[in-house]
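Work through the exercises below with the sequence and the structure side by side, and try each task before you read its solution.

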Amino acid sequence: MNALLRDPAPAIDIVRAHRRARIAQAMARDGGGIAVLPTAPERRRNSDNDFPYRYDSHFHHLTGFEEPQAWLVLDSDGRSTLFCRPKDSDREVWDGFRLGPDAAPAVLGVDEAYPVGELDTRLPQMLANHATLWFPFGAHPELPGRIEGWLEAVRRRSRDGVEVPGMMRDLNGLLDEMRLVKDAGEIDTMRRAARISAGAHVRAMRFCAERFRAGADSVREYEIEAELLHEFRRLGAQSPAYPSIVAAGPNACVLHYAAGNAPLLPGELCLIDAGCEFDGYASDVTRTFPATGRFTAPQRELYEIVAAAQRAAVAATRPGARHRDAHDAAVRVLAQGMLDAGLLDRNEVGDLDAVIASAAYRRFYMHGTGHWIGRDVHDVGEYLQLDEAPFEQPDGLGGMVVKKPSRILQPGMAVTLEPGLYVRPAAGVPEKFWHIGIRIEDDAIVTAGGCELISRGAPVEAAEIEALMRAAD
């Protein structure tokens with residue numbers, strides 16, 4: 001049964017009505033018009049089996065409606081219309097409850113609703129005499145063709161004085177900016193998602209400690225993944241937010257490694273990058289821990305460098321700072337650590353500033369330190385401050401580029417902070433560090449005084465990880 005019918009929650013309707021009103025007002029300030037927004041299509045997995053359905057994030061943000069085959073039409077005067085599947089007692093026996101257009105206005109707070117089968121008939125009438133048509137560019141491959149068909153139907157009435165929308169505008173920009181700054185309800189949901197994910201990471205650490213203490217000679221990656229997935233669902237999360245990374249030993253040096261059947265062996269590190277989705281919001285958490293509960297000296301040396309880099313990134317994440325500041329702060333700590341540990345040879349790469357200028361650190365740290373997070377793991381929102389002038393700046397690859405400065409952070413924005421080190425065997429690299437991959441990632445909400453790390457239910461400090469795994473029994 002649809003969650004909205006189990007618990008209608010009028011406050012939720014008010015929130016989404018307010019969001020639709022904000023988008024309508026933004027459209028009105030920018031010339032007016034009418035917007036068309038579909039939800040995500042159902043997707044075939046194989047044969048006659050579909051993937052579990054996941055609605056479009058923009059659509060759900062404005063409606064709260066979770067069923068497939070649905071469309072929202074929003075006029076810049078604020079009027080909203082939903083198209084959805086009709087009630088069908090036969091199909092509901094097979095596929096489950098349908099809300100239906102008759103009940104939709106009362107449950108969802110839209111002004112009117114119609115069966116989705118009437119979309120092609122009603123849309124040309126609704127688009128007529130609007131100067132501008134808004135829709136999400138590039139998000140739905142079949143949408144431009146549908147729109148052209150509706151516009152052609154409007155053009156056929158031009159002799160009757162009916163005007164056709166002459167301007168197409170991207171709806172993504174308006175929705176992206178709305179979603180970038182989270183409201184209190186969204187932040188509470190994200191805290192819940194992060195809390196569940198942190199608990200799953202703790203469970204995985206304890207599971208490994210218990211298995212090895214019981215005499216196991218290895219633990220398979222898929223066994224650890226199963227612990228994560230069970231904890232997600234046990235605590236009410238609907239699904240993983242993304243495919244879980246469970247990387248044993250050398251596999252941790254593969255950034256987007258998928259959990260497989262490789263064995264985690266005593267003396268190795270396990271890197272887990274896994275988060276759940278709860279009520280439409282993602283979490284994204286990474287922890288790296290020793291298989292048997294105790295870091296070796298080389299592992300701990302590199303781990304402390306990454307932990308220090310994350311602390312620097314946290315300190316740089318505050319209102320008024322730039323999104324890029326956290327990355328720059330983490331890179332300075334990581335690069336200095338590479339020099340101190342002998343991963344980089346000063347005689348070849350120079351001092352700290354030279355390492356950063358040449359991007360020599362990318363040999364062991366080749367990704368950014370964070371991204372927006374929210375309804376999507378890599379959430380929407382502009383990363384540059386578009387109202388400021390471009391200037392020449394380092395491109396992070398050892399060269400220079402002219403572009404606008406990084407986005408200024410403000411309270412309510414949500415980011416990940418995820419520095420790491422990845423050491424593959426190579427000439428000149430101390431052998432004691434070979435096959436060590438470490439990443440530490442937390443979800444952070446920008447607050448008035450800095451940032452709140454909402455995923456710290458899983459320990460980060462090496463001593464805390466070792467203590468947790470010692471107490472696993």
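**Exercise 1.** Find which residues of helix H15 are buried, and explain how they are placed around the helix axis.

*Solution.* Keep in mind throughout that the model is predicted. Begin by going along helix H15, which spans residues 462-470, where the buried residues are Ala462, Ile465, Glu466, Leu468 and Met469. Next, consider their directions from the axis: they cover an arc of only 160°, which puts them on the same side of H15. The spacing can be understood from a general rule, namely that an α-helix has 3.6 residues a turn, so residues three or four places apart point the same way. Finally, look for what covers these buried residues of H15, and you will find that the cover includes H9, strand E16 (285-290) and helix H11 (297-315).

**Exercise 2.** Determine the order of the strands in the open sheet that contains E14, and work out which strands stand at its edges.

*Solution.* The open sheet has three strands in the order E10-E14-E15, and their pairing is antiparallel. Strand E10 (239-240) and strand E15 (281-282) each have a single partner strand, so they stand at the edges, and one side of each is left without a neighbour in the sheet. Turning to the pairing itself, E10 and strand E14 (residues 276-278) are joined in the antiparallel sense over two bridges, and Pro240 stands opposite Cys276 in E14. Helix H9 (residues 184-213) packs on this sheet, where it touches E14 and E15, and its direction makes about 145° with that of E14.

**Exercise 3.** Classify the aromatic pair Trp71 and Trp150, and then the pair Trp372 and Tyr383, from their ring geometry.

*Solution.* The structure holds five aromatic pairs. For Trp71 and Trp150, the ring centres are 5.7 Å apart and the planes stand at 75°, so this pair is edge-to-face. Trp71 lies in strand E4 (residues 71-75) and Trp150 in helix H7 (residues 143-155), so the pair ties together parts that are 79 residues apart in sequence. Both Trp71 and Trp150 are buried. For Trp372 and Tyr383, the centres are 5.0 Å apart and the planes are at 15°, so this pair is stacked. These two residues lie in the loop between helix H14 (352-358) and strand E17 (391-394), so the pair ties together parts that are 11 residues apart in sequence. As a last step, compare their accessibility: Trp372 is buried, with a relative accessible area of 0%, whereas Tyr383, at 30% relative accessibility, counts as partly exposed.

Key
Residues numbered from 1 in each chain as written. Predicted model: local features only at pLDDT ≥ 70, side-chain atom pairs only at ≥ 80, totals over all residues. Heavy atoms only, no water. Pairing = 2+ DSSP bridges. Helix = DSSP H or I, 4+ residues; strand = E, 2+ residues; numbered from the N terminus. Contact = heavy atoms within 4.5 Å. Axes fitted to C-alpha atoms, helices over the stretch in contact; angles between N-to-C directions. Buried < 20%, exposed > 50% of the residue type's maximum accessible area, 1.4 Å probe, protein only. Arc of directions from axis to C-beta. Phe/Tyr/Trp six-rings, centres within 6.5 Å; stacked < 30°, edge-to-face > 60°.
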